[in-house]
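Please look over the structure below with me, and let us ask of each label why it has been given.

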Amino acid sequence: NGDFIVHVPPKGTYIIEVSYPGCNTKRASVITEGVPDFGEEVFNPSFGIGGFIMAKPFPGIDYSGLNQPMVKVVYVPKIKNFDDDEAYTQQSLGVVSKISDAENVLINNFCSTNKSGDEALKRPDCPLAKTLYEKAIKMIPGESYPVTQLTKVGACLKEKEEAEAKAKAEALAKARAEAE
């Protein structure tokens, strides 16, 4: 389930990276400086970092804030255990929030563009639908919906071409009949 335990050596600063191919890497910093020697006492410090959402990056979104650790875990003498540095965590949450906001704007634009493409296809304004779906594909490459819709646009354009060809042929036949 993605659970893991890391035994971190004393007296150092360590970075834990969680990654998956094609997804944004997440980092956590664990600082073991200042941990007293507990002698014979058994001391098994722990801190739960929680889950990591492994998401693929969207084009045009600045993910550079994820290059820094999202949480900094430090020894807290008062509780005789490890905890997060709250100020650092709040700052990191602000960075993640900005990234999330930018992703939501992109996703909303993507959905809106597809919806406009659907409306154009219903009219049927096949060239406009094609333009809109192609725009959506550039926004978030790899999404299947606009690709599927482009197949429908192709059929729509073909039907229009066939209807125009038939109308031209009928007009030409009518003109010939009138001339005779």
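Q: Why is K80 called partly exposed in this predicted model?
A: K80 has a relative accessible area of 35%, and since partly exposed covers the values between 20% and 50%, K80 is partly exposed. The residue sits in the loop between β3 (71-76) and β4 (81-84).

Q: What is notable about the phi of K80?
A: K80 has a positive phi of about 55° although it is not a glycine. K11 is another such residue, with a phi near 55°, a positive value in a residue other than glycine.

Q: Why does K11 count as exposed or buried, and where is its place?
A: The relative accessibility of K11 is 65%, and because exposed means over 50%, K11 counts as exposed. Its place is in the segment before β1.

Q: Why is α1 described as roughly parallel or roughly antiparallel to α3?
A: Helix α1 (residues 86-122) and helix α3 (residues 144-179) pack at an angle of about 20°, and their axes are 11 Å apart. Because angles under 35 degrees count as roughly parallel, α1 is roughly parallel to α3. The crossing of these two helices, α1 and α3, is left-handed.

Q: Which residues meet where α1 packs with α3?
A: From α1 come F110, N114, D118 and L121, and these meet Y145, P146, Q149, K152, V153 and C156 in α3. Sorted by class, the residues of the contact of α1 with α3 are six nonpolar, two polar and two charged.

Q: Why is α1 described as roughly parallel or roughly antiparallel to α2?
A: Between α1 and helix α2 (residues 126-139) the packing angle is about 160°, with the axes 8 Å apart. Because angles over 145 degrees count as roughly antiparallel, α1 is roughly antiparallel to α2. The crossing in which α1 passes α2 is left-handed.

Q: Which residues of α2 are met by α1?
A: In α2 they are L128, A129, L132, Y133, K135, A136 and M139, which are met by L106, N109, F110, T113, N114, S116, G117, D118, A120 and L121 in α1. The contact of α1 with α2 has ten nonpolar, five polar and two charged residues.

Q: Why is T113 called buried or exposed?
A: T113 has a relative accessible area of 8%, and as buried means under 20%, T113 is buried. This residue lies in helix α1, and, leaving aside its neighbours within four places in sequence, T113 is in contact with L132, K135, A136 and M139.

Q: Which peptide bond is cis, and what is its omega?
A: The bond from R123 to P124 is cis, with omega near -10°. P124 has its place in the loop between α1 and α2.

Q: What makes the pairing of R27 and E17 a salt bridge?
A: The side chains of R27 and E17 meet at 3.0 Å, N to O, and because a salt bridge requires such a nitrogen and a carboxyl oxygen within 4 Å, the pair qualifies. The structure holds one salt bridge, and it links R27 in strand β2 (residues 26-31) with E17 in strand β1 (residues 13-18), ten residues apart.

Q: Why does R27 count as buried or exposed?
A: Its relative accessibility is 16%, and because buried means under 20%, R27 counts as buried.

Q: How do you know whether N24 is buried or exposed?
A: The relative accessible area of N24 is 11%, and because the cut-off for buried is under 20%, N24 is buried. N24 has its place in the loop between β1 and β2, and its contacts, leaving aside neighbours within four places in sequence, are V18, M54, A55, K56, P57, Y63 and L66.

Q: What makes P57 partly exposed, and which residues does P57 touch?
A: At 40% relative accessibility, P57 falls between the limits of 20% and 50%, so P57 counts as partly exposed. Its place is in the loop between β2 and β3, and P57 touches G22, C23, N24 and Y63, not counting residues up to four places away in sequence.

Technical notes
Residues numbered from 1 in each chain as written. Predicted model: local features only at pLDDT ≥ 70, side-chain atom pairs only at ≥ 80, totals over all residues. Heavy atoms only, no water. Axes fitted to C-alpha atoms, helices over the stretch in contact; angles between N-to-C directions. Helix = DSSP H or I, 4+ residues; strand = E, 2+ residues; numbered from the N terminus. Parallel < 35°, antiparallel > 145°, perpendicular 65-115°, else oblique. Left-handed = near helix turned anticlockwise from the far one by under 90°. Contact = heavy atoms within 4.5 Å. Nonpolar A, V, L, I, M, F, W, Y, C, P; charged D, E, K, R; others polar. Buried < 20%, exposed > 50% of the residue type's maximum accessible area, 1.4 Å probe, protein only.
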